[in-house]
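User: I should like to learn how the features of this model are to be read, one at a time. Please begin with how a position is placed relative to the secondary structure.

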Amino acid sequence: MKLYSLPLSPYAARVRGSIYAKGLAVEIVAPPADWRTSPEYRAINPLVRIPVLLLDDGTVIAESSVIVEYLEDAHPRVSLRPDTAEGLARVRLITQVADLYVMQPMMPLFYMFDGKQKDEAAIATQIGKLKEGLNHLEAMLLKGEYAFPGQLTSADVWLTPVRFSLDGLMSFAKLPRLLDDHQAVAAYAETAKKDAALGRVWDEMTEGLAEMMAARAIRAA
Ligand SMILES: N[C@@H](CCC(=O)N[C@@H](CS)C(=O)NCC(=O)O)C(=O)O
């Protein structure tokens with residue numbers, strides 16, 4: 001199997017977390033530099049997104065959530081799924097809440113804080129939406145535990161890049177107090193860093209961020 005991945009992509013990071021946790025032999029490669037416009041990359045993944053997984057028989061699987069579920073179905077020996085239907089529902093709910101109500105309101109904030117002319121009213125509305133999502137996530141997490149306490153699950157491989165991105169936003173947008181009312185979400189960073197697979201993803205994202213900021217500084221000079 002081969003995964004097209006970028007170190008800082010939260011979606012690719014989610015899949016790498018699953019691969020590392022399951023101990024799978026997957027070749028992890030960067031896409032071509034011109035992947036957004038390259039006909040060759042479009043032929044591989046018509047969605048023109050990162051990540052995408054290529055199976056040895058040529059099958060292509062796109063979309064991080066679909067890839068993670070595929071890996072669960074095809075490689076269940078190390079399972080990231082709880083044993084009970086109720087546990088699984090909980091894992092799926094946390095994954096969905098982190099995606100729809102935290103990641104989705106968070107991503108536009110990076111662009112909103114990036115411009116010279118900041119729309120303060122729009123930023124305040126967007127932060128309000130993000131905090132609402134954080135409230136929901138906070139209510140679902142137990143401080144110092146995996147998403148599903150006692151077991152590493154597919155919710156954690158998504159929570160890790162989401163939590164990393166929150167750190168990125170706090171630093172980029174100078175919002176150091178963003179998580180003051182969300183202590184379980186805040187503490188999740190340590191839970192992720194302590195786990196071998198999630199910690200590896202965290203480190204890769206840290207390196208990816210450092211590279212991106214260095215490239216940005218060169219462009220700005
Ligand atoms: N829903 C997709 C989202 C993937 C995605 O948007 N990845 C970003 C990279 S982080 C991307 O490919 N963006 C398109 C672009 O940058 O042109 C998934 O879960 O895999």
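Analyst: Helices and strands are DSSP runs, of at least four residues (H or I) for a helix and at least two (E) for a strand, numbered from the N terminus. The model is predicted. Within it, P51 is found in the loop between α2 (39-44) and β3 (52-54).

User: What kind of peptide bond joins I50 and P51?

Analyst: The bond between I50 and P51 is cis, with omega at about 15 degrees.

User: Where is V48 placed, and what is its phi?

Analyst: V48 lies in the loop between α2 and β3. Its phi is near 50 degrees, which is a positive value in a residue other than glycine.

User: Is V48 buried, partly exposed or exposed, and why?

Analyst: The reading rests on a neighbour count: 20 or more other C-beta atoms within 10 Å make a residue buried, 12 or fewer make it exposed, and the range in between is partly exposed. V48 has 15 other C-beta atoms within 10 Å and is therefore partly exposed.

User: Which loop holds E63, and how should its phi be read?

Analyst: E63 sits in the loop between β4 (60-62) and α3. Phi of E63 is near 75 degrees, again a positive value in a residue other than glycine. Because E63 has 17 other C-beta atoms within 10 Å, it too is partly exposed.

User: Which residues surround the ligand?

Analyst: The shell consists of S9, Y11, R36, R49, I50, P51, E63, S64 and S65. Two members have already been met: P51, from the loop between α2 and β3, and E63, from the loop between β4 and α3. By class, the shell divides into three nonpolar, three polar and three charged residues.

User: How is the chain divided into domains, and how far apart are their centres?

Analyst: Domain 1 covers 2-74 and domain 2 covers 85-220. Taken over C-alpha atoms, the centres of domain 1 and domain 2 are separated by 21 Å.

User: How many residues take part in the contact between the domains?

Analyst: A contact here requires C-beta atoms within 7 Å. On that basis, 13 residues of domain 1 are in contact with 19 residues of domain 2. On the side of domain 1 that touches domain 2, the elements giving two or more residues are α1 (10-22) and α3 (64-74). The largest share, eight residues, comes from α1. That side of domain 1 comprises eight nonpolar, two polar and three charged residues.

User: What does V157 show about positions separated in sequence, and which residues does it touch?

Analyst: V157 lies in helix α6 (residues 154-172). Its C-alpha atom is separated by 5.2 Å from that of G17, although the two are 140 residues apart along the chain. Leaving aside residues up to four places away in sequence, V157 touches R14, G17, S18, A21, V68 and L80. With 30 other C-beta atoms within 10 Å, V157 is buried.

User: How should the packing of α7 and α8 be read?

Analyst: One considers the distance between the axes and the angle at which they cross. The axes of helix α7 (residues 183-194) and helix α8 (residues 196-220) come within 5 Å and cross at roughly 110 degrees, which means that α7 is roughly perpendicular to α8. In the contact, A192, K193 and K194 of α7 meet L198, G199 and W202 of α8. These residues divide into three nonpolar, one polar and two charged.

User: Is E207 in helix α8 buried or exposed?

Analyst: E207 has 12 C-beta neighbours inside 10 Å and so counts as exposed. The C-alpha atoms of E207 and D119, 88 residues apart along the chain, are separated by 31 Å.

User: How should G128 and V29 be read by the neighbour count?

Analyst: G128, placed in helix α5 (residues 120-140), has 10 other C-beta atoms within 10 Å and is therefore exposed. Its C-alpha atom is separated by 9.1 Å from that of P105, 23 residues away along the chain. V29, in strand β2 (residues 27-29), has 11 C-beta neighbours inside 10 Å and so counts as exposed. V29 nevertheless touches K2 and Y4, not counting residues up to four places away in sequence. The C-alpha atoms of V29 and P7, 22 residues apart along the chain, are separated by 9.9 Å.

Methods. Residues are numbered from 1 along each chain as its sequence is written. This is a predicted model: local features need pLDDT of at least 70, side-chain atom pairs count only at pLDDT 80 or more; totals for chains, interfaces and linings use all residues. Domain bounds come from an automatic or database domain assignment. Two residues are in contact if their C-beta atoms, placed from the backbone, lie within 7 Å. Ala, Val, Leu, Ile, Met, Phe, Trp, Tyr, Cys and Pro count as nonpolar, Asp, Glu, Lys and Arg as charged, and the others, Gly among them, as polar. A residue is near a molecule or strand if its C-beta atom, placed from the backbone, lies within 6 Å of it. Axes are lines fitted to C-alpha atoms, for helices over the stretch in contact, and angles run from 0 to 180 degrees between N-to-C directions. Angles under 35 degrees count as roughly parallel, over 145 as roughly antiparallel, 65 to 115 as roughly perpendicular and the rest as oblique.
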